[in-house]
Amino acid sequence: MDIFLSTRDLAVGYNGKALIHGIDINLRRGTILTLIGPNGAGKSTILKTIAKYLKTICGAIYIDGRSIDDMNERDMSFLLSVVLTQRLRTERMTCEEIVGTGRYPFTGMLGILSEEDKAQVRESMELTDVWDLRERDFMQISDGQRQRILLARAICQQPSAIVLDEPTSFLDIRYQVEFLQILRDMARERGIAVIMSLHELGLAERISDDVLCVKGETIEDYGRARDIFTRERIEKLYDLKEGSYNPLFGSLEMKRPNGEPRLFVIAGGGTGTGVYRELQKMDCPFVTGILHENDIDYPVAKDLASEMITERAFMPVSDETYARALEALRRCDTVLNCLSSYGEANARNQSLAEDAKTLGLRVIAHPEDYSQ
Amino acid sequence: MSGKGTDSSGRLLRYGTVIASLAVMFLVLIGLNIVIGSVRVPLRELLHILFTGGGGDTWQGIIWKIRLPRLFESALLGGALALSGFLLQTFFNNPIAGPYVLGISSGAKLTVAAAMITAFGAQRSPGSWFLVSAAFLGALMSMGVVLLVARRVRRSATLIVCGVMIGYICSAITDFLITFADDASIVNLHNWTRGSFSGATWDDIRVISVVVLSASAVVFLLSKPISAYQMGEYYAKNMGVNVQVFRIVLVLLSSVLSACVTAFAGPVSFVGIAVPHLVKALLNTSKPIVVIPVCFLGGSVFCMACDLIARTAFAPQDISVSSVTAVFGAPVVIALMIKKRGREM
């Protein structure tokens with residue numbers, strides 16, 4: 001394993017007081033490690049300590065085999081560069097000049113850029129797709145562009161590792177995806193080790209090789225992204241009680257509606273998910289079925305429905321299941337039928353809808369039509 | 001079409017034009033400051049005095065003992081003020097920081113007044129180095145208070161208000177000292193506390209040249225770390241700057257520059273804010289390597305012009321140069337605050 005950055009029993013905090021202890025990470029070249037966890041859990045504190053902005057409380061940090069205690073600012077500047085959360089305020093500086101500051105460790109006494117420095121600036125700006133902005137004032141571009149300029153600045157420093165503190169915070173979804181894609185390509189192509197904090201779990205899961213879960217005092221979890229992003233681990237990390245985390249979509253569901261359900265939702269094949277969420281907003285409890293366990297509506301139904309009538313994956317709906325559905329139907333006064341086409345696989349949902357009519361239940365097609 | 005060459009040569013042309021215009025103004029102001037005054041010296045006589053050392057005694061005295069030292073003083077101290085302001089703006093990342101509004105000039109004024117009173121009390125005339133040292137001490141004390149405040153307040157407007165308050169306190173104590181000083185020293189002190197380039201001697205000029213020129217040279221050599229610091233402390237550190245040491249150096253340099261001004265000319269207002277701002281606007285950059293020398297030149301030109309007005313507007317009565325710099329400098333500060341209001345003031 002080609003470990004570039006590691007910590008040994010690291011404790012971080014302010015003014016000599018440890019906030020989090022027992023941090024042991026190993027960051028390989030060309031990989032991305034993401035710190036996730038609740039607000040105020042100390043993600044930034046860890047990153048600031050690694051970038052040597054804060055003193056370690058105890059333990060050690062090694063970059064390229066050397067302890068950072070043995071390095072001064074200049075030594076560090078050749079190994080590691082940063083992209084910070086604080087909004088940078090500049091005065092009459094063009095984007096190219098901002099990126100050019102990344103060449104600081106390489107320039108002479110007066111900081112004048114050589115042709116090679118300029119070539120590096122251009123290369124980094126092209127890599128992050130901001131070369132066209134080079135003459136623009138840094139304060140007069142969008143947040144998404146600014147963030148990419150700062151990434152170009154960090155790349156231009158030719159580091160072996162980049163530390164980013166919530167780099168996607170001010171970005172819209174398009175810029176988030178673009179930004180992280182650049183980061184991924186850069187890590188892969190240049191072998192740069194990336195360590196960053198992210199708020200967006202969905203993005204964290206998709207971008208990270210490894211994930212460190214930070215939750216006050218100690219590290220809650222550390223491992224491969226696919227092992228960390230499970231329902232239990234994420235819900236525990238964030239003390240999620242009011243809603244739920246869906247590992248399949250990397251998305252969050254709101255709190256399940258309370259009360260005795262009087263509404264039966266017939267759904268399947270993706271017709272139900274939007275409806276379930278509508279009903280959640282109306283705080284309207286519901287039963288749903290008949291769903292196969294591999295149905296695309298199943299995960300959201302599981303988080304939001306009071307009761308589910310389900311069938312095992314790839315199996316025809318059995319008589320027992322159908323009987324359970326009918327029984328649930330009898331306890332309701334309304335049926336919301338999301339289905340508009342039927343085939344062999346959901347034939348029994350069609351008969352369920354017909355049975356509902358026979359039973360004299362009100363049948364509606366949209367959640368707005370329902371009143372409790 | 002707009003290749004890289006065109007962009008950078010356009011920029012160089014702009015720098016060149018600004019520097020050339022300022023240099024022309026500089027030379028013109030030298031001429032005007034020598035020629036114009038309450039006593040008219042004929043041109044032929046003037047050239048005679050300047051280049052052969054001859055001429056009538058009175059006229060020679062006026063040129064060599066009064067106008068030329070005053071001219072040098074305004075040029076050197078103007079440059080010092082502008083640089084000091086630029087350093088403080090960089091340090092606090094705040095465009096309206098300057099030695100006057102942060103109370104640093106007033107702190108220097110207080111200790112210089114105390115030093116003068118002590119010296120006069122001992123029946124001695126205070127030496128130039130003695131005054132500069134006293135001013136430096138006062139400047140550092142004010143700066144210390146400002147730094148303590150800055151650690152606690154994040155809002156830049158609050159910092160400025162605190163600086164102004166520190167200035168008032170120092171001025172009040174200075175007034176108090178002057179009230180109880182001997183009659184003999186009062187006239188001297190009173191003129192000086194309002195800010196003026198009058199009464200400069202060649203001795204003063206020697207000390208000023210040494211202090212100001214060497215400090216300015218150091219500032220210029222630091223333009224690389226200053227450029228890093230403009231990106232904020234964290235980024236500067238990541239670029240390899242030893243931020244702790246650098247901050248101390250910045251404080252010392254800006255204090256020594258503004259202290260030198262106060263020791264010889266008293267507090268001169270707003271030059272430190274107005275000049276760097278105008279220079280950056282003219283050059284359309286804040287790159288220290290260009291801004292630092294042009295700031296010095298701009299400060300010289302600004303103060304020479306203001307002093308010319310101070311000397312001649314109500315001749316033979318001198319008005320304080322600080323009044324003139326305030327008239328031209330304060331509007332710039334107001335404009336800056338209005339521009340900044342939209343952001344996080």
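## Exercises on two enclosed cavities

By class, 8 nonpolar, 3 polar and no charged residues make up the lining of the second largest cavity. Here Ala, Val, Leu, Ile, Met, Phe, Trp, Tyr, Cys and Pro count as nonpolar, Asp, Glu, Lys and Arg as charged, and the others, Gly among them, as polar. This is a predicted model, where local features need pLDDT of at least 70, side-chain atom pairs count only at pLDDT 80 or more, and totals for chains, interfaces and linings use all residues. Residues are numbered from 1 along each chain as its sequence is written, and chains are lettered from A in the order in which they are written.

**Exercise 1.** Describe the second largest cavity (on a 1 Å grid over the protein atoms alone, a set of points where a 1.4 Å probe fits but cannot get out; lining residues have an atom within 4 Å of a point).

*Solution.*
1. Start with its space: about 50 Å³ (filled by probe spheres set on the points, which are joined across faces, edges and corners).
2. Next, find residues of its lining, including Leu81(B), Tyr100(B), Phe270(B) and Ile273(B).
3. Finally, helix α12 of chain B (residues 271-283) gives the largest share, 3 residues; helices are DSSP runs (H or I, at least four residues), numbered from the N terminus.

**Exercise 2.** Work out what lines the largest cavity.

*Solution.*
1. The volume is about 80 Å³.
2. Both chains appear in the lining: among them are Met76(A), Leu80(A), Lys237(B) and Asn238(B).
3. Two or more residues each come from α2 (73-79) of chain A and α10 (233-238) of chain B.
4. α2(A) gives the most, with 3 residues.
5. By class, the lining divides into 3 nonpolar, 3 polar and 3 charged residues.

Technical notes
Heavy atoms only, no water. 1 Å grid on protein atoms, 1.4 Å probe; cavity = no way out; pocket = protein on both sides within 12 Å on 5 of 7 lines; lining within 4 Å.
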